[in-house]
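Thank you all for making the time this morning. I would like to walk through one model with you, beginning with its inner spaces and then turning to its helices and backbone.

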Amino acid sequence: MSITVFTGGTVLVDPTHEDGPLTSDAIAFSSGTVVALGAEAAALADAEDAQLIDLAGGSLAPAPGDGHAHPMLGGVEALGPAIRAAADRQGILDAVAAWKAEHPDAEWIVGGSYDATFSEGGLFDATWLDEVTGDTPTILRAWDYHTAWVNSAALAAGGITSETPDPALGRIVRRADGSPLGTLQEAAANNFLADVVPAFTLEQRLDSIERATREYATLGMTWVQDAWVEPGDIEVYLAAATQERLHTRVNLAFRADPARWRDQLTEFVAARASVRELGAERLSGETVKFFLDGVIESHTAALLAPYADQPDDTGLPNWDVSELTAATTAFDALGFQLHLHAIGDAANRYALDALEAATATNEPRVRDHVIAHVALLDPADVERFAALDVIANFEPYWAQCDAVMRDLTIPHLGQPRDEWQYLIGSVHRSGATISFGSDWPVTTIDWRPAVSTAITRHSHAEPEAEAWLPNERVDAATAYGAYTAGIARQALASDTRGTLAVGRVADAVWLADNPLAIAPELIADLAVLGTWLAGTRTFTP
């Protein structure tokens, strides 16, 4: 039985302990768990098979996780043009042109993801892409992954004309004459990708998920919630687990379809069983995902009152309220964890109402349901997360007044709703569990700048900037704890992970400094020196 002993730095045993962060000066791992702390751990360094690691003045902390991400989507971005790095619309076109030149025989150009602020209202014209793509069908996903930009050849491939009606739960943005502009929103984009665009091969997707989870490991992370799993993705994950190509744990959230969720009741039970039967420690499939609405920036988030700049529009809800209640109740009765995407204040209220109804209807049990994003929350609903014991999963990197917020989100909402966004501090103070995620590839995969933003409510690159909604800031221990203890609960592992107490699973990250003790802006660049998943080192610089 080998033993790994860490000394020479600070061990953050439990950053969120009720009496304040618990620390130690030594820790020992064996057989995948924490077996000793302090002097008892240091004494184990003399064991014959012990490996001693000097933390060199740094910190060993519970490993963070990602409570809401799309690793498959993030991984396949590398297969297309590098448009994410573009600084403007011309930069996107240049990247597409360069990719086409390097892949002259490609039947399609598929890429992600572009910055919607590069065109007024987030609307992009097919003819702009035509200039660099010619007759090669092209589709680019926006950073929000609810919108796509296509060229004329792609519109033709999909049979989209001025006569094509909007699909259910989607929009084909049109010119004044009714012809399609080239911007597809919600189901119009997603259906196009599913039904028209050729799928990536199994091996390409395997490479992508391995690349994505390896990147998570380099950041010190050991668990990821894939928050959008389609039937075809399941075989990829099963193969990745079987071939030992997962470098973090991944939990799958199967997407509930408003049109056929009743059929999915048996399908998802079978999918969950296939994952359980594999018995892979790094793969689980315990969750069902509901998309309740879209995003504020494209006027598709569901609002309680109309948009400030479109007074006849309250958004595009994906579910009828009664159907949502019936579906959540049915999946809850089957023992699934529920994970509800809710951006608008109406969507968040509908999500809370549906979870309340499911809990009241079904047998009592431990529930760890999640509402993800909680972007716009009516203050009247803040206390309901704690009252219903629902996890609020925020993406804290969004809690700053950046170009998207300034140019799109705030003008769409108007006052006072612009101040109802990302109420992290309020929800935490109410007593609810908060967890953090990235929504990668929508925004950065990196937890470090996101922790900094949660603490400061401004960009780490502008340390003197004014905090946006400063009352919603949280301290460093709370922010880091949302990535550790909060994630452990969301991962259905609150009794085994989330801290480095004796007996807990040895999921840990070695950081160059103590994230609870340095200036929050410095957390964004804090070096990761090692990652351990159940005592196995998954990253070495």
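**Spaces, helix contacts and backbone**

If we sort the residues that line the largest cavity by class, they divide into 8 nonpolar, 5 polar and 3 charged. Before I go further, please keep in mind that what you have in front of you is a predicted model. That cavity has a volume of about 110 Å³, and its lining is made up of 16 residues, with Ala63, Thr222, Arg497, Gly498 and Asp507 lying nearest the centre. In the structure as a whole there are 3 cavities of 30 Å³ or more.

Let me move from the cavities to the pockets. The largest pocket has a volume of about 1200 Å³, and 40 residues line it, of which Arg141, Asn190, Ala194, Trp228 and Glu230 are the ones that lie nearest its centre. Which elements each supply at least two residues of that lining? They are the helices α2 (71-76), α6 (187-195) and α8 (231-242), together with the strands β7 (109-114) and β12 (223-229). Among the contributors to this lining, α6 gives the largest share, with 6 residues. By class, the lining of the largest pocket holds 22 nonpolar, 8 polar and 10 charged residues.

The second largest pocket contains about 650 Å³ of space, and it is lined by 31 residues, of which Trp143, Asp402, Val404, Val442 and Thr443 lie nearest the centre. Here the elements that give two or more residues to the lining are β7 and α13 (403-413), and the largest share, 4 residues, comes from α13. You will recall that β7 was also named among the elements that supply the lining of the largest pocket. Sorted by class, the lining of the second largest pocket divides into 17 nonpolar, 8 polar and 6 charged residues.

Now to the way some of the helices pack. Helix α7, residues 202-218, packs against α8 at an angle of about 60°, with the two axes 10 Å apart. That angle is why α7 counts as oblique to α8, and the crossing of the pair is right-handed. On the α7 side, the residues in contact are Leu202, Arg205, Leu206 and Ile209, and they meet Gly232, Asp233, Glu235, Val236, Tyr237, Ala239 and Ala240 in α8. By class, this contact has 7 nonpolar, 1 polar and 3 charged residues.

A further pair is α3, residues 89-102, and α4, residues 126-133, whose axes come within 9 Å and cross at roughly 35°. This crossing, too, is right-handed. The contact is made by Arg89, Leu93, Val96, Ala97 and Lys100 from α3, and by Trp128, Leu129, Val132 and Thr133 from α4. Of these residues, 6 are nonpolar, 1 is polar and 2 are charged.

What is the arrangement of α9, residues 261-278, and α10, residues 321-333? Their axes come within 11 Å and cross at roughly 15°, and because of that angle α9 is described as roughly parallel to α10. The crossing of α9 and α10 is right-handed. From α9 the contact draws on Trp261, Arg262, Gln264, Leu265 and Phe268, while α10 brings Glu323, Ala326, Ala327, Ala330 and Phe331. In terms of class, the contact of α9 with α10 has 7 nonpolar, 1 polar and 2 charged residues.

I will finish with some details of the backbone. Where does the model place a cis peptide bond with omega of about 0°? That bond joins Gly112 and Ser113, and Ser113 lies in strand β7, an element we have already met in the lining of the largest pocket. The peptide bond from Trp440 to Pro441 is also cis, with omega near 10°, and Pro441 is found in the loop between β18 (434-436) and α15 (447-456). Lastly, Tyr422 has a phi near 50°, which is a positive value in a residue other than glycine, and Tyr422 sits in the loop between α13 and α14 (424-429).

How values were computed:
Residues are numbered from 1 along each chain as its sequence is written. This is a predicted model: local features need pLDDT of at least 70, side-chain atom pairs count only at pLDDT 80 or more; totals for chains, interfaces and linings use all residues. Side-chain values use heavy atoms; hydrogens and water are left out. On a 1 Å grid over the protein atoms alone, a cavity is a set of points where a 1.4 Å probe fits but cannot get out, and a pocket is an open set with protein on both sides within 12 Å along at least five of seven lines; lining residues have an atom within 4 Å of a point. Grid points are joined across faces, edges and corners, and a volume is the space filled by probe spheres set on the points. Ala, Val, Leu, Ile, Met, Phe, Trp, Tyr, Cys and Pro count as nonpolar, Asp, Glu, Lys and Arg as charged, and the others, Gly among them, as polar. Axes are lines fitted to C-alpha atoms, for helices over the stretch in contact, and angles run from 0 to 180 degrees between N-to-C directions. Angles under 35 degrees count as roughly parallel, over 145 as roughly antiparallel, 65 to 115 as roughly perpendicular and the rest as oblique. A crossing is left-handed if the near helix is turned anticlockwise from the far one by less than a right angle, and right-handed if clockwise. Contact means heavy atoms within 4.5 Å.
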